[in-house]
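Please work through the exercises below with the sequence and the model at hand. Each exercise gives a task and then a solution in steps.

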Amino acid sequence: MEYHEGDRTDHLDGSDSIRVEHEIELDAPLDDVWAALTDPSQLAEWLGGEVDLEVRPEAAGHVVGDDGARYDVLVTDVDEHRRVAWHWWDDQGALSSVELTLEPIGEAVRLRVVETLVVAADVTACARRWERATSRLWGRVAAHATSWR
C-alpha cells in the first residue's frame, strides 16, 4: 500500500486544496472488487461504518465512518468497473471530492483513491481514514479469495 500527499493548489478565492492519494493492489477479480465499491453493505464493511447510498450518478446518501463522523455524499460519476467519484462533507461542512479508480493488473486489481480536500480539512485524518478502509478491504478480499477462484 502507498500513501502520497499531493501538491497544494491555490484557488482564485484564496482557498487552498490538497490531494491525498492512496493505492492498494487487491488479489481478486475485477467484478468482486467493483461490487465491494458499489454495494452499500460491502462499502460499509470496508469503510468501517454505516453506508446509506446507492452508487449511481446524482445519488445522495450518507456514510458514517469508523470514527463516528457522518459524511453526506453526492455521487458525481460512475464508470462501471473503472471509476466511482463523489463529493462528501462532514458535520462541520468541510467538503472534499473522492475518486476511486480501478485498474486490472493481470488477475489482480489496483485501487487508486484520490481525495481532494480544502486545506482547512484534516489531511492526516483523511490519510489515516483511507489507510484503515483499504486495509479492511484488503482483508475482506483476502478472506474471500478462495471462494472467488
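The exercises concern a predicted model, and they treat strands, aromatic rings and salt bridges in turn.

**Exercise 1. Strand pairing**

Task: Determine how many bridges join strand E6 to strand E7, and in which direction the two strands run.

Solution:
- Strand E6 covers residues 83-90 and strand E7 covers residues 95-105.
- The two strands are joined by 7 bridges and run antiparallel.
- Within this pair, Val-84 is found opposite Leu-100 in E7.
- E6 and E7 make a hairpin, with 4 residues between them. The turn contains Gly-93, whose phi is positive, at about 90°.

**Exercise 2. The partners of strand E8**

Task: Describe how E7 and strand E2 are each joined to strand E8.

Solution:
- Strand E8 spans residues 108-118; 10 bridges connect E7 with E8, and the direction is antiparallel.
- Two positions illustrate this pairing: Glu-103 stands opposite Arg-110 in E8, and Val-98 has Glu-115 in E8 as its bridge partner.
- E7 and E8 also form a hairpin, here with 2 residues between them. Gly-106 lies in the turn and has a positive phi of about 65°.
- Strand E2 (residues 16-26) is joined to E8 by 10 bridges, and E2 and E8 run antiparallel.
- In this pair, Ile-24 is placed opposite Leu-111 in E8.

**Exercise 3. Aromatic rings**

Task: Find how many aromatic pairs the structure holds, and classify the pair of Trp-86 and Trp-88.

Solution:
- The structure holds 2 aromatic pairs.
- For Trp-86 and Trp-88, the ring centres are 5.5 Å apart and the planes meet at 65°.
- Planes over 60 degrees apart count as edge-to-face, so the pair of Trp-86 and Trp-88 is edge-to-face.
- Both residues are then checked for burial, for which the relative accessible area must be under 20%. Trp-86 is buried because its value is 3%; Trp-88 is buried because its value is 1%.
- Together with Tyr-71, Trp-86 and Trp-88 form one aromatic cluster.

**Exercise 4. Salt bridges of Arg-110**

Task: Explain which parts of the chain are tied together by the salt bridge of Arg-110 and Glu-23, and by that of Glu-25 and Arg-110.

Solution:
- Side chains of opposite charge can pair when their charged atoms come close.
- The side chains of Arg-110 and Glu-23 form a salt bridge at 3.6 Å, N to O.
- Arg-110 lies in strand E8 and Glu-23 in strand E2, so this pair ties together parts 87 residues apart in sequence.
- Arg-110 is partly exposed, at 24% relative accessibility, and Glu-23 is partly exposed with a relative accessible area of 24%.
- A salt bridge also links Glu-25 and Arg-110, at 3.1 Å, N to O.
- Because Glu-25 lies in strand E2 and Arg-110 in strand E8, this pair ties together parts 85 residues apart in sequence.
- Glu-25 counts as partly exposed, at 45% relative accessibility.

**Exercise 5. A further salt bridge and the network**

Task: State how exposed Arg-82 and Asp-79 are, and which residues are joined into one network by salt bridges that share partners.

Solution:
- The count comes to 13 salt bridges, and one of them is formed by the side chains of Arg-82 and Asp-79 (3.7 Å, N to O).
- Arg-82 is exposed, with a relative accessible area of 52%, whereas Asp-79 is partly exposed at 33%.
- Salt bridges that share partners join Arg-19, Glu-21, Glu-23, Glu-25, Glu-103, Arg-110 and Arg-112 into one network.

Conventions. Residues are numbered from 1 along each chain as its sequence is written. This is a predicted model: local features need pLDDT of at least 70, side-chain atom pairs count only at pLDDT 80 or more; totals for chains, interfaces and linings use all residues. Side-chain values use heavy atoms; hydrogens and water are left out. Rings of Phe, Tyr and Trp (its six-membered ring) pair if their centres lie within 6.5 Å; planes under 30 degrees apart count as stacked, over 60 as edge-to-face and the rest as tilted. Buried means under 20% relative accessible area, exposed over 50%, partly exposed in between (1.4 Å probe, protein chains only). Two strands pair if DSSP finds at least two bridges between them. A salt bridge is a side-chain nitrogen of Lys or Arg within 4 Å of a carboxyl oxygen of Asp or Glu.
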